[in-house]
Amino acid sequence: MGAAHRGHQPNSDPEHWRSSAGVRSPETQALCRGISVALGGADTAFSMDGDVLQKTFVTNVVGPAYVSQAFVDRVEKSEKKTIVNISSTVGSIASDFGAAPASYGISKTALNMLTYKQAKEKPDITVISMCPGWLQTDMGGQNAMHPVSVGVAGVLKTISSLKSGDSGKFFNFQGENVPW
Ligand SMILES: NC(=O)c1ccc[n+]([C@@H]2O[C@H](COP(=O)([O-])OP(=O)(O)OC[C@H]3O[C@@H](n4cnc5c(N)ncnc54)[C@H](OP(=O)(O)O)[C@@H]3O)[C@@H](O)[C@H]2O)c1
């Protein structure tokens with residue numbers, strides 16, 4: 001799994017995301033869908049480029065953190081009061097995915113910790129991590145296991161049946177708990 005980055009510069013300026021709250025720019029919409037990148041492709045711990053790791057981390061962890069900060073007031077006033085961080089089972093240490101991809105996996109493990117921290121800080125809202133499955137997107141590739149429609153349907157079904165006790169947990173698109 002891992003498409004090359006296609007030219008975005010990860011934006012780590014909190015003011016950029018704060019000013020995006022309420023503005024449905026294409027970039028904001030992309031982030032609301034749960035953007036992410038596997039910049040390093042199939043890199044490994046002993047071969048990865050620090051710059052790639054840093055950029056992957058900014059996009060996959062700093063981006064979602066700032067988007068959540070920008071939107072949390074609105075989430076707290078909403079009916080569902082839910083934040084879904086789109087993660088990957090590649091970030092699950094217990095799932096034992098092996099050596100690669102390192103920078104992507106490290107960023108998703110960190111995103112899962114962000115989910116945990118957000119859930120602990122705001123018990124009034126439900127925050128989860130979700131893996132959408134291996135899907136036929138640019139990143140997942142044409143040989144991925146499922147079409148996008150299967151992952152999207154599974155994510156939406158799981159989100160719609162969430163209970164408050166589910167906050168701080170990690171689910172896959174089949175609604176099953178993913179071990180950390
Ligand atoms: N596909 C899978 O098999 C799979 C499996 C597990 C988890 N996931 C997760 O699901 C989410 C969606 O992945 P996907 O498969 O849809 O990926 P994708 O096909 O590669 O799409 C990623 C999207 O993010 C945008 N993007 C990338 N870096 C950006 C940046 N720094 N700033 C703004 N936008 C940026 C891209 O914009 P451009 O199109 O303009 O480049 C694109 O719209 C990700 O969080 C991914 O980790 C996917």
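**Exercise 1.** At which residue does helix 3 bend, and by about how many degrees? Then compare the expected span of helix 3 with the distance between its end C-alpha atoms.

*Solution.* In this predicted model, helix 3 bends at Phe 71, and the angle there is about 55°. For the span, begin with the 28 residues of helix 3, which runs over residues 50-77. At 1.5 Å a residue, the helix should span 40 Å, and because its end C-alpha atoms are 40 Å apart, the two values agree.

**Exercise 2.** Describe how helix 3 and helix 4 pack, and which residues meet.

*Solution.* Two packed helices are described by the angle between their axes and the distance between the axes. Here helix 3 and helix 4, the latter covering residues 102-121, pack at an angle of about 20°, and their axes are 9 Å apart. Since angles under 35 degrees count as roughly parallel, the two helices are therefore roughly parallel to each other. Their crossing is right-handed. Among the residues that meet are Val 52, Phe 57 and Ala 65 in helix 3, and Tyr 104, Lys 108 and Leu 114 in helix 4. The residues of this contact divide into eleven nonpolar, six polar and one charged.

**Exercise 3.** Which peptide bond is cis, and where does Lys 81, with its positive phi, lie?

*Solution.* Most residues other than glycine have a negative phi, and most peptide bonds are trans. The bond from Ala 100 to Pro 101 is cis, with omega near -5°, and Pro 101 lies in the loop between strand 1 (82-86) and helix 4. Lys 81 has a positive phi, near 45°, and this residue lies in the loop between helix 3 and strand 1.

Note on methods: Residues numbered from 1 in each chain as written. Predicted model: local features only at pLDDT ≥ 70, side-chain atom pairs only at ≥ 80, totals over all residues. Helix = DSSP H or I, 4+ residues; strand = E, 2+ residues; numbered from the N terminus. Expected span 1.5 Å × (residues − 1). Bend = angle between axes of the 7 residues up to and from the residue. Axes fitted to C-alpha atoms, helices over the stretch in contact; angles between N-to-C directions. Parallel < 35°, antiparallel > 145°, perpendicular 65-115°, else oblique. Left-handed = near helix turned anticlockwise from the far one by under 90°. Contact = placed C-beta atoms within 7 Å. Nonpolar A, V, L, I, M, F, W, Y, C, P; charged D, E, K, R; others polar.
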